Amino acid sequence: MLSEFSLISRYFTCAPSAGSGVDLGVGDDCALLAPAPGMQLAISSDMLVEGRHFFPGADAKLLGHKSLAVNLSDLAAMGAKPVGFTLALALPTLDESWLAGYSAGLFALAEEHGCQLIGGDTTKGPLTLCITVFGHVPPGLALRRDQAREGDDIWISGTLGEARLALAGYRKECNLSDADLAAAGLRMHAPTPRIPLGLALRGIAHAAIDISDGLVGDLGHILQRSGVGATVNVDAVPAGPVLRTQASAIRRNYVMAGGDDYELCFTAPPAARAEVHAAAQRAACEVTRIGAIEDVPGLRLTDHSGMPLSLQLQSFDHFSTP
């Protein structure tokens with residue numbers, strides 16, 4: 001019979017790689033990290049709860065990918081290089097088929113980014129996945145939320161809104177073909193953490209954040225922490241290919257407040273536009289300039305012609321969003 005410790009041994013144990021910054025991983029009371037000399041540690045933690053963050057019966061392999069991806073996205077937003085992560089699992093039952101799929105998705109993404117599982121915990125309970133990631137970044141080069149400056153351009157990586165469109169499709173709030181729902185659903189279930197872009201933007205971008213709860217709210221965190229305001233051209237915000245086929249009102253709402261995109265929003269001076277594009281090219285990621293940072297507090301929205309828009313938008317909040 002599979003036990004807690006045989007579960008860990010079979011599905012969640014791997015030897016540390018030489019030179020990775022991990023001296024001791026899974027199997028002891030603590031992991032031992034040895035980050036590169038002179039580096040700052042970047043640490044972030046996220047929890048995914050069945051029924052709140054993902055549907056019951058969600059594909060285990062995709063869930064393994066997403067549970068690590070949302071954490072790696074935080075490192076990307078700081079310009080931090082991944083080192084390792086811990087995993088705390090609450091499981092209602094010991095389902096070996098689920099564990100095999102989950103660990104496969106988890107370790108495939110971990111290997112892609114050189115991020116090693118170094119410890120954690122397991123217990124019985126409602127399905128809950130909690131990951132804490134560790135990375136490192138040179139002092140003074142972290143892309144913090146409080147560093148946006150008046151006159152900065154505002155940029156977005158990739159495209160926004162399709163994760164929210166997929167949710168609308170699953171909830172029958174809109175009619176999507178099977179092919180469109182599958183395409184949008186992939187953005188929801190298997191986001192791409194922009195680690196290469198975050199690293200490439202060090203020394204170029206001033207401030208950054210990953211878009212997890214919706215652009216209007218997440219950009220708002222940068223504005224609040226930096227003590228600035230902004231104007232954003234809503235029609236310049238890049239929508240995913242399926243969302244672009246929807247009505248303008250839906251597109252505008254989902255790109256601005258959809259959430260679950262895990263793209264980067266960042267600011268950089270206009271003089272660095274060529275450097276931003278070069279960084280994006282090195283990272284094999286599209287970026288789009290959507291607005292500007294201003295000294296007047298607040299977020300102002302316009303259409304493509306510069307006319308003000310009055311949109312009723314609310315980003316996701318765990319305690320106010322149904």
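**View 1. Helix 3 against strands 4, 5 and 6 of the predicted model.** In this predicted model, helix 3, formed by residues 96–112, lies across strand 4, strand 5 and strand 6, and its direction runs at about 165° to that of strand 4.

**View 2. The open sheet of four strands.** The strands follow the order 3-6-4-5, and their pairing is mixed. Strand 3 (40–49) and strand 5 (116–124) stand at the edges with a single partner strand each, so one side of each is left without a neighbour in the sheet. From one strand to the next, the twist averages 15°. Helix 2 (residues 60–78) also packs on the sheet, where it touches strand 3, strand 4 and strand 6 (128–137), and its direction makes about 30° with that of strand 6.

**View 3. Strand 4 and its residue Val83.** Strand 4, which spans residues 81–91, pairs with strand 5 in the parallel sense over eight bridges, and within this pairing the bridge partner of Ala90 is Thr123 in strand 5. Val83 lies in strand 4 and counts as buried because its relative accessibility is 4%, the cut-off for burial being under 20%. Val83 and His113 are 30 residues apart in sequence, while their C-alpha atoms are 8.7 Å apart in space.

**View 4. Strand 9 with strands 11 and 12.** Four of the five residues of strand 9 (residues 229–233) are buried, so this strand is largely enclosed by the rest of the structure. Strand 9 runs antiparallel to strand 11 (residues 287–294), to which four bridges join it, and Ala230 has Ile293 of strand 11 as its bridge partner. With strand 12 (residues 298–302), strand 9 pairs in the parallel sense over five bridges, and here the bridge partner of Gly229 is Gly298.

Technical notes: Residues are numbered from 1 along each chain as its sequence is written. This is a predicted model: local features need pLDDT of at least 70, side-chain atom pairs count only at pLDDT 80 or more; totals for chains, interfaces and linings use all residues. Side-chain values use heavy atoms; hydrogens and water are left out. Buried means under 20% relative accessible area, exposed over 50%, partly exposed in between (1.4 Å probe, protein chains only). Helices (H or I, at least four residues) and strands (E, at least two) are DSSP runs, numbered from the N terminus. Two strands pair if DSSP finds at least two bridges between them. Axes are lines fitted to C-alpha atoms, for helices over the stretch in contact, and angles run from 0 to 180 degrees between N-to-C directions. Contact means heavy atoms within 4.5 Å.
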